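I opened my notebook to get to know a new structure. Here is what I looked up, entry by entry.

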Amino acid sequence: MYPLPTKLLKPCVDHLLPSITDIVNTSLSEQCVPLSFKQAVVRPLLKKPSLDKEVLKNYRPVSNLPFISKTLGKVVDSRLENHMSSYSLHDTVQSAYRACHSTETTLLRVHHDIAYAPDNNCCAVLLMLDLSAAFDTIDHQILFDRLEYSFGVTGDALLWLQSYLLNRTQRVAIGSVQSDDIKFDFGVYRRARS
């Protein structure tokens, strides 16, 4: 089954909301994410309209999941964030993926620490590491163990997350032509900008 485009679902969301709520609640209560929710379609999009369309590096892959899958992911994201905040599980200097934290917050902290060091007869060393593709290589079992032992995510919540991450597939689409589905065993879903 091919999922309906979001632009067709959004105008009807008031009428569909009870059904969407039932789907989300059933997925959570049964600790099961339907396979159709885990099938991504990756489309190469030109980074800027002014770039040469013939140069492959000018494209970025955009992974699209069905609308209801993204809705389900946002519900779980909200619950996980609530759990992390309630038990103070965020690292004190973590800025990514947190409300009221941003690149600006990080830059202010780094600037403060660097300015503070010489005033207190200390030296400052800034080491920068690009982990932009780190999420693409996460081993699922290591992630599940970390969620359980470091963050207290157990029982039904952990089973649901396992269902969400296992047996994911993706295919590449260029125009109306699509590749076969391929299964991937590493990586996690990253929220795309809306």
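**Surface.** I began with the outside of this predicted model. The protein chain exposes about 14400 Å², and carbon and sulfur atoms supply 59% of that area. I then asked what share of the residues count as buried. Of the 194 residues, 21% do.

**Overall shape.** I looked up the radius of gyration and found 20 Å for the protein chain, where a compact globule of 194 residues would have one near 16 Å. Along its principal axes, the C-alpha trace spans about 65 × 50 × 35 Å. I also checked the contacts with a separation of 6 or more: residues 24 or more positions apart account for 56% of them.

**Charges.** I noted 21 positive and 20 negative charges in the protein chain. Their mean positions are 8 Å apart.

**Elements.** How many helices and strands are there? I found six helices and five strands. Read from the N terminus on, their order is α-α-β-β-α-α-α-α-β-β-β.

**Helix H3.** This helix covers residues 67–86. It has 20 residues and reaches 29 Å from its first C-alpha to its last, close to the 28 Å expected at 1.5 Å a residue. I listed its buried residues as Phe67, Ile68, Ser69, Leu72, Gly73, Val76 and Met84. A reminder I wrote in the margin: an α-helix has 3.6 residues a turn, so residues three or four places apart point the same way. Which helices do the buried residues of H3 pack against? They pack against H1 (6–9), H2, H5 and H6.

**Helix H6.** I turned next to H6, residues 155–165. Here Leu158, Trp160, Leu161, Ser163, Tyr164 and Leu165 are buried. The buried residues of H6 pack against H2 (13–29), H3, H5 (140–151) and strand E3.

**Strand E3.** Since H6 packs against E3, I looked up two residues of this strand, which runs over residues 168–174. Is Ala173 buried or exposed? Ala173 counts as buried because its relative accessible area is 1%, under the 20% cut-off. Leaving aside neighbours within four places in sequence, Ala173 is in contact with Val41, Val42, Arg43, Pro44 and Gln178. I also checked Ala173 against Thr137, 36 residues apart along the chain, and their C-alpha atoms are separated by 23 Å.

Thr169 lies in E3 too. With a relative accessible area of 16%, Thr169 is under 20% and therefore buried. Beyond its neighbours within four places in sequence, Thr169 is in contact with Lys38, Gln39, Ala40, Asp181, Ile182, Lys183 and Phe184.

**Positive phi angles.** Most residues other than glycine have a negative phi, and I jotted down some that do not follow this. Just after H3, Ser88 takes a positive phi of about 50 degrees. Cys100 has a positive phi of about 65 degrees although it is not a glycine. I placed Cys100 in the loop between H3 and H4 (103–119). Cys100 counts as exposed because its relative accessibility is 78%, over 50%.

Asn167, which follows H6, has a positive phi as well, near 60 degrees. Where does Asn167 sit? I found Asn167 in the loop between H6 and E3. At 41% relative accessibility, Asn167 falls between the 20% and 50% cut-offs, so it counts as partly exposed.

Methods:
Residues numbered from 1 in each chain as written. Predicted model: local features only at pLDDT ≥ 70, side-chain atom pairs only at ≥ 80, totals over all residues. Heavy atoms only, no water. Helix = DSSP H or I, 4+ residues; strand = E, 2+ residues; numbered from the N terminus. Buried < 20%, exposed > 50% of the residue type's maximum accessible area, 1.4 Å probe, protein only. Contact = heavy atoms within 4.5 Å. Rg over C-alpha atoms; globule rule 2.2 N^0.38 Å. Areas by Shrake-Rupley, 256 points an atom, 1.4 Å probe, with all protein chains shown as cover. Lys, Arg positive; Asp, Glu negative; His and termini not counted. Charge placed at Lys NZ, Arg CZ, Asp CG, Glu CD. Expected span 1.5 Å × (residues − 1).
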